[in-house]
Amino acid sequence: MRRILYLAQAEVLHIVRDRILLAQVLVVPVVQLLVLSNAATFEIRNTPIHVVDLDRSTASRGVVNRLAANGHFEIVDDTPSVGQADEGLLRGDVTMVVVIPHDFETSLVRTGVGQVQLSVNAEKGSAAGIVQAYASRVLAQYAGELNSARRSRGTTPWGPAAGGPIDIRVRPLYNVTQNYKHYMVPGILVALMTIIGTLLSAQNIAREKELGTLEQLNVTPITRGQFIIAKLLPFWVLGLVELSLGLIVGVLVFGVPVRGSLPLLYGVAGVYLTVALGIGLWISTLVETQQQAMFVTFFIVNIYLLMSGLFTPVDSMAPWVRTVSMINPVRHFVTISRAILMKGAGPAEIAQPFLILLGTAVFVLVVAVRQYHKRAA
């Protein structure tokens, strides 16, 4: 029994002295629980919508006010231009556009029925159906209020004998059939590229440390820049090959549409792989073994994927999680890949997420290379 206690004590000391292992045991689970509990949720709250109120009447303001007060929606823009609202859908700034026609109140007064159009970004599959259901429920409740007012007083706040059902016309865009595979396949491709770019590059350099060849390479005429490029370039090319194979499978097996420019997609993918490789290089400077590299990469990639909108829409996340996810490169590449493939988006529509991705690539690569120089010196 005493021997067992001595051995157990030695193992505890080993765990305590290994800071990376101690962090994996104590810190990582707590961080994942706090972050992922707020990121992995199917509840839709604060969904950004664009209102096009062409009627500007008391009745139309009632529709807008009830949507704003519902808690599920956030009105981020209110313009009289349907074209401008559709551009917001294409860029991904909004999830739904609510169009109230010119004769909304007049139609309520004359016929007892008013028409409202909901243009939903159906790219998000089932999440789009949930958003549509929430909006339809709000409008149905408002129609019930109008009917109650008519029955109780014989009048409404804007005229006699008005109020009635609201005719909801839904216009799904970009994924009319709401095929969830069309929504998921581009995101899964990003996940596979992330694993290749980050995990394999981190483990590859960590293996050089374990074998002792890294120190030998550092004393050769090969510069550190040449060494880093030679180590990371094969994984950069492998990531693009993985993207090509995934696109072929996605189109032939799942019928994923390709409405945008493939050269544009590959150009953005090249920038994103630079980010993923830079993160893998940075991880390799923190660890000494491949096992440590795998654990650290798993933690980072797990957070990245679940905060990217890959499995659950970003709209459904807590506000602070949405803010933090703005620095998540996976989120921006998932957004761009879906926009190019499903919406046919061009450079103008993906400019904002691409610039964030480009800035992240430069920052991560510079930090990783400097950290590698520091550790290797």
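Which parts of the protein have the lowest and the highest confidence? Colour by pLDDT (the predictor's confidence in each residue, from 0 to 100): strand β6, residues 159–160, is lowest at a mean of 44, and α13 is highest at 91. Over residues 156–163 the pLDDT is below 50, and this stretch has 24 contacts (heavy atoms within 4.5 Å) beyond near neighbours in sequence.

Before moving on, note that this is a predicted model, in which local features need pLDDT of at least 70, side-chain atom pairs count only at pLDDT 80 or more, and totals for chains, interfaces and linings use all residues. Residues are numbered from 1 along each chain as its sequence is written, and side-chain values use heavy atoms, with hydrogens and water left out.

**The largest pocket**

Now select G92, D93, D315, R331 and T335, the closest to the centre of the largest pocket among its 35 lining residues. This pocket has a volume of about 800 Å³. α13 (329–343) gives the most to the lining, with seven residues. The lining has 15 nonpolar, nine polar and eleven charged residues. A pocket here is an open set of points on a 1 Å grid over the protein atoms alone, with protein on both sides within 12 Å along at least five of seven lines; a cavity is a set where a 1.4 Å probe fits but cannot get out, and lining residues have an atom within 4 Å of a point.

**The second largest pocket**

Next, pick I300, Y304, I327, N328 and P329, which lie nearest the centre of the second largest pocket. Its volume is about 450 Å³, and its lining divides into 15 nonpolar, three polar and no charged residues.

**Along α11**

Show α11 (290–306). Its 17 residues should span 24 Å at 1.5 Å a residue (1.5 Å times one less than the number of residues), and its end C-alpha atoms are 24 Å apart, which agrees. Its buried residues (under 20% relative accessible area, 1.4 Å probe, protein chains only) include V296, I300, V301 and L305.

**The cavities**

Keep I300, V301 and Y304 on screen and add T194, T198 and Y272: they are among the residues lining the largest cavity. Its volume is about 50 Å³, and α10 gives the most to its lining, with four residues.

Finish at the second largest cavity by selecting V185, L189, G246, G250 and L341, which are among its lining residues. About 40 Å³ of space lies there, and the largest share of the lining, four residues, comes from α9 (224–254).

Terms used:
Grid points are joined across faces, edges and corners, and a volume is the space filled by probe spheres set on the points. Helices (H or I, at least four residues) and strands (E, at least two) are DSSP runs, numbered from the N terminus. Ala, Val, Leu, Ile, Met, Phe, Trp, Tyr, Cys and Pro count as nonpolar, Asp, Glu, Lys and Arg as charged, and the others, Gly among them, as polar. Buried means under 20% relative accessible area, exposed over 50%, partly exposed in between (1.4 Å probe, protein chains only).
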